Amino acid sequence: MHEVKKVLIVGGGIGGLCAAIALRREGVQVDLVELKSEWTVYGVGIIQQSNVVREMARLGVLDTYLKAGYAFEDVCIYNLQGNQLARIPGQRLAGPDYPANMGVSRLALHQVLSESAMDLGAHIRLGTTVERLEQDAAGVDIEFTDGSKGRYDLVVGADGIYSKIRQMLFGDQYTPRFTGQAVWRYNFPRHPSIDHLASYQGVDGNAGLVPLGENLMYMFSTSHEPDNPWMDPNKLAELMRDRIKNIGGLVGELRDQITDNSQVVYKPMEVLFVNEPWFHGRVILIGDAAHATTPHLGQGAGMAIEDAIVLSDEVRGADSIEIKLGRFMQRRFDRCKYIAEQSVLAGEKEMAHDHAFDRVGMVKEMLKLTAQPI
Ligand SMILES: Cc1cc2nc3c(=O)[nH]c(=O)nc-3n(C[C@H](O)[C@H](O)[C@H](O)COP(=O)(O)OP(=O)(O)OC[C@H]3O[C@@H](n4cnc5c(N)ncnc54)[C@H](O)[C@@H]3O)c2cc1C
């Protein structure tokens, strides 16, 4: 009666797809619904650190994943003049033959994960979501927006920061909060020196350069935008150049190449943390639906991927759903809360122009924690 044989995943982002892969590998029947009818993801990259590389191995997708991006070892911190301040060596958590870190375009990552989920037999429907959800002790009845119905042992809300499933569980109790900062991103041909993650830090600005492939890298910068202003799409390149005007080194050399407004990806930072168990009965939230944070530690997607794997571990066996999901929470809550809070803190220190902020220390502590098994 307590066995989890059939699961509905709501949301086909990084967390939902990883949950589909991990659950299929456990032999669980998986239906996944994704709101978008065209399964697009926006075209910049993502940093995936050693804990993620390790979990990609557990998901069984490591080799295709490594081919899809740019593997690298170290993270280097530079000052705003481009002088190196620190080098944080990568940790090879997936084993000595595998790299420490990865930069990968979101599109390439999506292709690896969606193909793997489909090959493993997940049943995926696009342009569909949950209209109504009703649960009893033995299962969850779902009415979908296309009029179809289904009954499931477990429903996983992996539908991102504006989660509809979270709304169904918690009402308006949790809503995203703008932190005061925004992120600017732009792709470039990879510079030969960017074979590592280069982070430029100072009280007058910050930026990073991340390799994504032999011929591709991206630049990101975070800025303080107190009133969350509307940004004119026809001026995004000029605005991004302005936000990094105090930065030298390679960032300074590349600045004038930021000319195409349509290629600037601008995103205000929003956060949300569900500060109580992320489930009611047989419905649980994972990823950004439960704990969306800022990108300062580059671990948001990492936490969503870890959630997916821990969930697939814990649904095994004959214990009650409450015990299974309770064990999941025990393994996830503190770790995700730490990442959420430290990421937000890093943003607050940037906005306060805090000279004493020890960013390198924070990153080292985060790497130590995330190296621990999940
Ligand atoms: C600027 C920026 C930079 C970042 N950089 C990094 C980084 O370098 N490294 C890192 O690890 N993390 C990073 N993150 C965080 C990372 O992007 C998120 O944590 C991650 O995407 C969360 O995955 P998710 O699957 O939980 O949610 P999402 O990626 O938001 O996916 C949710 C999916 O659900 C779908 N959906 C939404 N509503 C519904 C519905 N009602 N029904 C069905 N489907 C629905 C959406 O269309 C989407 O496909 C960054 C975030 C930002 C904002």
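Ala, Val, Leu, Ile, Met, Phe, Trp, Tyr, Cys and Pro count here as nonpolar, Asp, Glu, Lys and Arg as charged, and the others, Gly among them, as polar. With that in hand, welcome to a predicted model, where local features need pLDDT of at least 70, side-chain atom pairs count only at pLDDT 80 or more, and totals for chains, interfaces and linings use all residues. Residues are numbered from 1 along each chain as its sequence is written, and side-chain values use heavy atoms, leaving out hydrogens and water.

**Around the ligand**
- The ligand is surrounded by 29 residues (each with a heavy atom within 4 Å of it), and the closest are Gly 15, Glu 34, Ile 47, Thr 129 and Asp 288.
- This shell divides into 10 nonpolar, 11 polar and 8 charged residues.

**Polar contacts (N or O pairs within 3.5 Å)**
- One nitrogen atom of the ligand lies 2.9 Å from a backbone N or O atom of Ile 47.
- In the side chain of Thr 129, an N or O atom is 2.6 Å from a nitrogen atom of the ligand.
- Gly 302 has a polar backbone atom 3.3 Å from an oxygen atom of the ligand.
- On its own the ligand has 1,000 Å² of accessible area (Shrake-Rupley method, 1.4 Å probe), and the protein covers 86% of that.

**Helix H1 (a DSSP run of H or I, at least four residues)**
- In H1, 10 of the 12 residues are buried (under 20% relative accessible area, 1.4 Å probe, protein chains only).
- Among these buried residues are Ile 14, Gly 15 and Leu 17.
- Just after H1, Gly 27 takes a positive phi of about 85 degrees.

Definitions and conventions: A polar contact is a pair of N or O atoms within 3.5 Å; within protein, one must be able to donate a hydrogen and the other to accept it, and residues adjacent in sequence count only if both atoms are side-chain atoms. Buried means under 20% relative accessible area, exposed over 50%, partly exposed in between (1.4 Å probe, protein chains only). Helices (H or I, at least four residues) and strands (E, at least two) are DSSP runs, numbered from the N terminus.
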